[in-house]
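Colleague: I have just opened this one and I am new to it. Could you walk me through it?
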Amino acid sequence: MARLNHYSKADHAIDWQLDSVVHSLRDAREQWRADHGRTNESGGRSLPSREIINEVVEAVIGAVFPMRLGPSNLRHHSEDYFVGYTLDAALNALLDQVLLELDHTAMRRGEAPQDHSDQAVTIVRDFGAMLPTIRHWLDIDIMAAYRGDPAARSVDEVLLCYPGITAIIYHRLAHQLYSTGAPLLARMVSEAAHSATGIDIHPGASIGSGFFIDHGTGVVIGETAIIGDRVRIYQAVTLGAKRFPADENGQLEKGHARHPIVENDVVIYAGATILGRVTIGHDSIIGGNVWLTRSVEPHSNVSQASLQKSPC
């Protein structure tokens with residue numbers, strides 16, 4: 001609030017008629033809570049904080065790549081101390097946010113209050129234990145980008161500058177949270193990357209090693225997509241759903257496998273749209289601006305011209 005007051009240059013108080021606004025906002029909140037069965041909520045804020053999650057992720061990334069994405073004054077002789085200190089603080093902060101998610105999820109389901117501390121500790125401990133493996137995968141991703149882009153002058157340039165690498169770093173962290181029981185936090189992490197890069201990868205998507213997104217803006221990868229090893233895609237590629245089944249009440253059904261499977265060593269060029277639970281066979285090339293709703297065999301070369309001859 002002090003920062004907001006700093007920007008006020010008015011010499012006298014202005015009547016913004018806030019009593020009416022405050023009462024109307026309270027009415028809107030109470031109506032929403034009544035509509036969504038939240039009338040029994042009490043106490044403080046029960047949802048995780050985007051600000052804290054962003055700080056946790058930035059700290060973890062700095063610990064995973066300390067001499068390149070860590071603090072500018074870091075020296076080699078203090079790397080281990082920095083990594084240990086940073087991860088201890090980050091994982092403790094993450095634990096608080098995981099607890100908030102678990103408690104909120106239980107409340108939303110109407111479950112009786114219970115202590116989720118052990119479950120939260122397990123999720124965070126597993127997340128921390130996976131960081132060396134995630135670092136190994138990311139090294140392979142970075143090398144794939146360096147080898148796959150003739151404009152890349154070094155692996156350091158790739159790590160520091162490529163939005164596709166930023167997106168996959170965030171995704172591999174988010175996917176670990178998603179897989180171990182913190183899907184809301186995972187989605188918050190993925191949306192931070194989406195905002196920063198224009199690349200939208202759902203944390204549920206399974207992505208193999210050596211993944212390279214070139215340029216990247218406008219890429220969309222859905223929740224149940226499965227991507228193999230050494231896959232390269234370009235800007236504006238969509239791996240999406242073809243249809244959304246609804247239940248008898250007209251509500252969308254959740255959890256169905258509805259996004260593509262992309263096998264190893266596939267290249268998908270800019271603007272291609274692949275929809276539904278189809279399989280792109282290994283070693284295939286999908287041309288630019290192709291609209292594809294059927295599976296293709298391994299070693300296929302799919303272009304707009306080939307689709308005109310064989311409608312999908």
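Modeller: We can go from the whole chain to the helix contacts, then to the sheets and a few single residues.

Colleague: Okay, what sort of model is it, and how many helices and strands does the chain have?
Modeller: This is a predicted model, and the secondary structure of its chain comes to 10 helices and 14 strands. Taken along the principal axes, the C-alpha atoms fill a box of roughly 70 × 65 × 50 Å.

Colleague: What share of the residues is buried?
Modeller: Of the 312 residues in the chain, 38% are buried. As for contacts, if you take those between residues at least 6 apart in sequence, 45% of them join residues at least 24 apart.

Colleague: Let's look at helices. At what angle do helix 6 and helix 8 pack?
Modeller: Helix 6, which covers residues 117-148, and helix 8, which covers residues 163-180, pack at an angle of about 150°, and their axes are 9 Å apart. Angles over 145 degrees count as roughly antiparallel, and helix 6 and helix 8 are therefore described as roughly antiparallel to each other.

Colleague: Is that crossing left-handed or right-handed, and which residues make the contact?
Modeller: The crossing of helix 6 with helix 8 is right-handed. On the helix 6 side the contact includes Ile123, Phe127, Met130, Ile134, Trp137 and Ala145, among others, while the helix 8 side includes Ile165, Ile169, Arg172, Leu173 and Thr180. Sorted by class, the contact between helix 6 and helix 8 has 14 nonpolar, 2 polar and 3 charged residues.

Colleague: And how does helix 3 cross helix 8?
Modeller: The axes of helix 3, residues 50-64, and helix 8 come within 11 Å and cross at roughly 110°. Since 65 to 115 degrees counts as roughly perpendicular, helix 3 is placed roughly perpendicular to helix 8.

Colleague: Which residues meet there?
Modeller: From helix 3 there are Val57, Glu58, Val60 and Ile61, and they meet Ile169, Tyr170 and Leu173 in helix 8. By class, that contact of helix 3 with helix 8 has 6 nonpolar residues, no polar ones and 1 charged residue. Ile169 and Leu173 of helix 8 also appear in the contact with helix 6.

Colleague: While we are on helix 8, is serine 179 buried, exposed or partly exposed?
Modeller: Serine 179, which is found in helix 8, is partly exposed, with a relative accessible area of 48%. The C-alpha atoms of serine 179 and glycine 204 are 25 residues apart along the chain and are separated by 7.4 Å.

Colleague: Switching to strands, in what order do they come in the sheets?
Modeller: One open sheet of 5 strands has the order 1-4-7-10-13, with parallel pairing, and its edge strands, each paired on one side only, are strand 1 (200-201) and strand 13 (291-292). Another open sheet of 5 strands, also with parallel pairing, runs 3-6-9-12-14, and here strand 3 (212-213) and strand 14 (301-302) are the edge strands.

Colleague: Can you give me an example of the pairing from each?
Modeller: In the sheet that starts with strand 1, strand 7 (238-240) and strand 10 (273-275) pair in the parallel sense over 3 bridges, and the bridge partner of glycine 240 in strand 10 is leucine 275. In the sheet that starts with strand 3, 2 bridges join strand 12 (285-286) to strand 14, where isoleucine 285 stands opposite asparagine 301.

Colleague: Back to strand 3, then: why does isoleucine 213 count as buried?
Modeller: Isoleucine 213, which lies in strand 3, counts as buried because its relative accessible area is 3%, and buried means under 20%. Leaving out residues up to four places away in sequence, isoleucine 213 touches Gly164, Ile199, Ile201, Val219 and Ile233.

Colleague: Last topic, the loops. Which residue has a positive phi between strand 3 and strand 4?
Modeller: That is histidine 215, in the loop between strand 3 and strand 4 (220-221), with a positive phi of about 65° although it is not a glycine. Most residues other than glycine have a negative phi.

Colleague: And what about aspartate 265?
Modeller: Aspartate 265 has a positive phi of about 60° and is not a glycine either, and it is found in the loop between strand 8 (261-262) and strand 9 (267-268). At 27% relative accessibility, aspartate 265 counts as partly exposed.

Note on methods
Residues numbered from 1 in each chain as written. Predicted model: local features only at pLDDT ≥ 70, side-chain atom pairs only at ≥ 80, totals over all residues. Heavy atoms only, no water. Pairing = 2+ DSSP bridges. Helix = DSSP H or I, 4+ residues; strand = E, 2+ residues; numbered from the N terminus. Buried < 20%, exposed > 50% of the residue type's maximum accessible area, 1.4 Å probe, protein only. Axes fitted to C-alpha atoms, helices over the stretch in contact; angles between N-to-C directions. Parallel < 35°, antiparallel > 145°, perpendicular 65-115°, else oblique. Left-handed = near helix turned anticlockwise from the far one by under 90°. Contact = heavy atoms within 4.5 Å. Nonpolar A, V, L, I, M, F, W, Y, C, P; charged D, E, K, R; others polar.
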